[in-house]
Amino acid sequence: MITTDFVPGSPAWIDLGAPDVDAAATFYGAVFGWEAQAFDPEMSTYKSFRLDGKVVGAVGQLTEEGARSAWMIYFHTPDIEASVKAVEQAGGSVRTPPSEVSEEGRFAQVTDAQGAQFALWQPGSYPGIQAADGPGSLGWVELYTTDSQAAQEFYRTVFGWTGQDMELPGGGGTYTMVTPKDCPPERMFGGVMAVPDMFASGDVRPYWHPVFGSADCDATVALVRENGGSVSMGPEDAEGVGRLAVCSDPAGAEFVVLTPAPEPAAAS
């Protein structure tokens, strides 16, 4: 579960790099009911996404040449310089060095040793997202990579994450659920899965994607399709997890929609 009580190594912020900010705002507003609002009236190319008045993420204009539209996951750090150094020592690279966002905090954009991009956030006056783990907000993050064990070692070195393996049904491989350092299992926030065939052509590199909650997965997926998005898997039921679908927005940014399975009834 993802919370707004951020600890080192937990997801703290997400934003979408989009070729057309207004088109992205229209799509996600229709699908999740988000309202887009500029942080600064003079800066229309970076806007917050709000749900019931609380910030659940943001969208900004794509700036990297040749970059594909995608969601970026930011992980909390109390010391961004130390985290950037750890990324480099673990075989990763730095795309954007630590930079200040006025008094709100500092960020850096980095790439792990297998090629997946992510970011770091050291808060100042702005801790991060204001709502999580509910319909229309971030509830989980996933890494699709070429080598799960190597990826886990990288993130263990950088953040101290711990992992718990589970075997997927039908020989689908191993899915590793990750938890921040020194945290109980209920702070588990994401998963790592090796899908080497997906990257064999070299056209796509390993990547992180967000999982957004929904009260009705099928209804949300219908809105994705009605508003120009696409669905590559589902909706389908995953035992013990819920009903989910892998979707993409009209610009190709991937995300997952999940209606969580009901909590088991307490023993009487």
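Author: Before we start, an axis here is a line fitted to C-alpha atoms, for helices over the stretch in contact, and angles run from 0 to 180 degrees between N-to-C directions. This is a predicted model, where local features need pLDDT of at least 70, side-chain atom pairs count only at pLDDT 80 or more, and totals for chains, interfaces and linings use all residues. Residues are numbered from 1 along each chain as its sequence is written, and side-chain values use heavy atoms, with hydrogens and water left out.

Reader: Okay! How is α1 oriented relative to α4?

Author: Take α1 (residues 21-32) and α4 (residues 217-226); helices are DSSP runs of H or I, at least four residues, and strands are runs of E, at least two, numbered from the N terminus. Their axes sit 8 Å apart, at an angle of about 155 degrees. Over 145 counts as roughly antiparallel, under 35 as roughly parallel, 65 to 115 as roughly perpendicular and the rest as oblique. So α1 relative to α4 is roughly antiparallel.

Reader: How many nonpolar residues are in the contact of α1 with α4?

Author: Contact means heavy atoms within 4.5 Å. On the α1 side you'll find Phe27, Ala30, Val31 and Phe32, meeting Thr220, Leu223 and Val224 of α4. Ala, Val, Leu, Ile, Met, Phe, Trp, Tyr, Cys and Pro count as nonpolar, Asp, Glu, Lys and Arg as charged, and the others, Gly among them, as polar. By class there are no charged residues, one polar, and nonpolar ones numbering six.

Reader: Now the sheet. Which strands stand at its edges?

Author: Strands pair if DSSP finds at least two bridges between them. Eight strands make this open, mixed sheet, in the order β10-β11-β12-β9-β13-β16-β15-β14. A strand with a single partner has one side left without a neighbour, and that's so for β10 (162-167) and β14 (230-238).

Reader: Which residue of β12 is the bridge partner of both Glu142 and Met177?

Author: Strand β9 (138-145) runs parallel to β12, joined by five bridges. Strand β11 (174-179) pairs with β12 (190-194) in the antiparallel sense over four bridges, with Thr176 opposite Val192. In β12, the partner of Glu142, and of Met177 too, is Gly191.

Reader: And Gln164: is it buried, partly exposed or exposed?

Author: Gln164 lies in β10 and touches Tyr175, Thr176, Met177 and Met188, not counting residues up to four places away in sequence. Buried means under 20% relative accessible area, exposed over 50%, partly exposed in between (1.4 Å probe, protein chains only). At 42%, Gln164 counts as partly exposed.
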